Amino acid sequence: MEALLFYIFAALTLICGLLVVANPFTRNPVTSAMFLVCTIISMAGLFVLLHAFFLAAVQVMVYAGAVIVLFLFVIMLLDIPSVEQRSFNLLGVGMGGLGLLAVGGIVIQTILRSGIGQGKNPQLEGATKELGVTLFTEYVLAFEIMGVLLLVGMMGVILLSKKDLK
Amino acid sequence: MIGLEHYLIVSALLFSLGMMGVILRRNLIVIYMGLELMLNAANLALVAFSRFNNSMDGQVMVFFVITVAAAEVAVGLALIVALYRKRQSTEVEDLTSLKL
């Protein structure tokens, strides 16, 4: 049962991820954003299979709820005229694809040959309580710094979106 | 039985897809979506390592990565909007003023 669910969610994640970056039917950024939602929700399913329930909820709320809405707002606000299909630089695309295959192949070969998962069983029960305790004891300084980072980000966005940027 | 390798391979494939978006697409917004895919792939690997190594640290790291990604997207999209006001375009080929 778990294996079946893993394969379903993994296939959904990868297919929707492919459609985000290379949709054969349309170049519309809104379509890409919608498939990104699909990718993120199936990835939340994978998180649930890994017993990371809190992170699955955070993933759905922060990514699907906030980040994608921000993307859609910007796409629709800019009202980008549908781009004419520009001619591909074939050499560039070929080299890019080759480099990509090389990177993916090297990483997957490394995973398969190193035997990294040998004799490891899924052990951690990612209860939300333990995550909270770890977060607020061992990592409390990082947590505070993250709050400052969010404040800085917010101020930066306000400054950048002012009408007369100087 | 689904092991650690399965999750890592999904993560590696998703990372490659995100990188494909960054390399091959020319719309800045879609490039940003590729970046998001790459961050998500790293998150998946971290959560898998956390579960199979019986340590909570990976999940805490993912929590921080999600926070930073949210801040990064907000700032990046504000930059894209500011750029669009100046240039009326979000295609990377039209943004070549740093070219020598």
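**Two helical chains and the core they share**

B:Asn54 counts as exposed, because only 12 or fewer C-beta atoms within 10 Å are allowed for that class and B:Asn54 has 12 C-beta neighbours inside 10 Å. This residue sits in the loop between α2 and α3 of chain B, in what is a predicted model. Its backbone is worth a look as well: phi of B:Asn54 is near 55°, a positive value in a residue other than glycine. As a general point, most residues other than glycine have a negative phi. Chain A offers another case in A:His51, whose phi is near 60°, again positive in a residue other than glycine. A:His51 is placed in the loop between α2 and α3 of chain A. With 18 other C-beta atoms within 10 Å, A:His51 is partly exposed.

Confidence in the prediction can be stated briefly. The predictor assigns the complex an ipTM of 0.91 and a pTM of 0.89. Chain B has an average pLDDT of 89, and 100% of its residues score at least 70.

The overall form of chain B comes next. Its secondary structure amounts to 3 helices and 0 strands, giving the pattern α-α-α when read along the sequence. The radius of gyration of chain B is 17 Å, well over the 13 Å that the globule rule gives for 100 residues, so the chain is more spread out than a compact globule. Along its principal axes, the C-alpha trace of chain B spans about 50 × 25 × 20 Å. Of the 100 residues in chain B, 46% count as buried. Among contacts in chain B with a separation of 6 or more, 43% are accounted for by residues 24 or more positions apart.

Helix α3 of chain B deserves a closer view. The 31 residues of α3(B) should span 45 Å at 1.5 Å a residue, and the end C-alpha atoms of this helix are 44 Å apart, which agrees. The buried residues of α3(B) are B:Gly58, B:Gln59, B:Val60, B:Val62, B:Phe63, B:Val73, B:Leu77 and B:Ala78. Their cover includes α3, α5 (128–137) and α6 (140–160) of chain A, together with α2 of chain B. Just after α3(B), B:Gln88 takes a positive phi of about 60°. Further along, B:Lys99 lies in the segment after α3 of chain B. B:Lys99 is exposed, with 5 other C-beta atoms within 10 Å. From C-alpha to C-alpha, B:Lys99 and B:Leu35 are 23 Å apart in space, while 64 residues separate them in sequence.

The contact between the two chains can now be described. In it, 58 residues of chain B are in contact with 66 residues of chain A. On the side of chain B that touches chain A, the elements giving two or more residues are α1 (4–24), α2 (28–52) and α3 (57–87) of chain B. The largest share of that side, 20 residues, comes from α3(B). By residue class, the side of chain B that touches chain A divides into 40 nonpolar, 13 polar and 5 charged residues.

Both chains also contribute to the largest nonpolar core, which has 58 residues. Those with the most contacts inside this core are A:Leu46, A:Phe47, B:Ile29, B:Met33, B:Leu44, B:Val47 and B:Ala48. At least two residues of the core are supplied by each of α1 (2–21), α2 (29–49) and α3 (53–78) of chain A, and likewise by each of α1, α2 and α3 of chain B. The helix that gives the most to this core is α2(B), with 15 residues. B:Ala48 offers a local view: leaving aside residues up to four places away in sequence, B:Ala48 touches A:Leu50, B:Leu4, B:Tyr7 and B:Leu8.

A helix of chain A provides a contrast in burial. Helix α4 (residues 90–114) of chain A has 25 residues and reaches 36 Å from its first C-alpha to its last, close to the 36 Å expected at 1.5 Å a residue. α4(A) is hardly covered, as the count of buried residues among its 25 residues is 1. Just after α4(A), A:Gly115 takes a positive phi of about 60°.

Terms used:
Residues numbered from 1 in each chain as written. Chains lettered and ligands numbered in written order. Predicted model: local features only at pLDDT ≥ 70, side-chain atom pairs only at ≥ 80, totals over all residues. Contact = placed C-beta atoms within 7 Å. Helix = DSSP H or I, 4+ residues; strand = E, 2+ residues; numbered from the N terminus. Nonpolar A, V, L, I, M, F, W, Y, C, P; charged D, E, K, R; others polar. Core = buried A, V, L, I, M, F, W, Y, C linked by C-beta atoms within 7 Å. Buried ≥ 20, exposed ≤ 12 C-beta atoms within 10 Å, placed from the backbone. pLDDT = per-residue confidence, 0-100. Expected span 1.5 Å × (residues − 1). Rg over C-alpha atoms; globule rule 2.2 N^0.38 Å.
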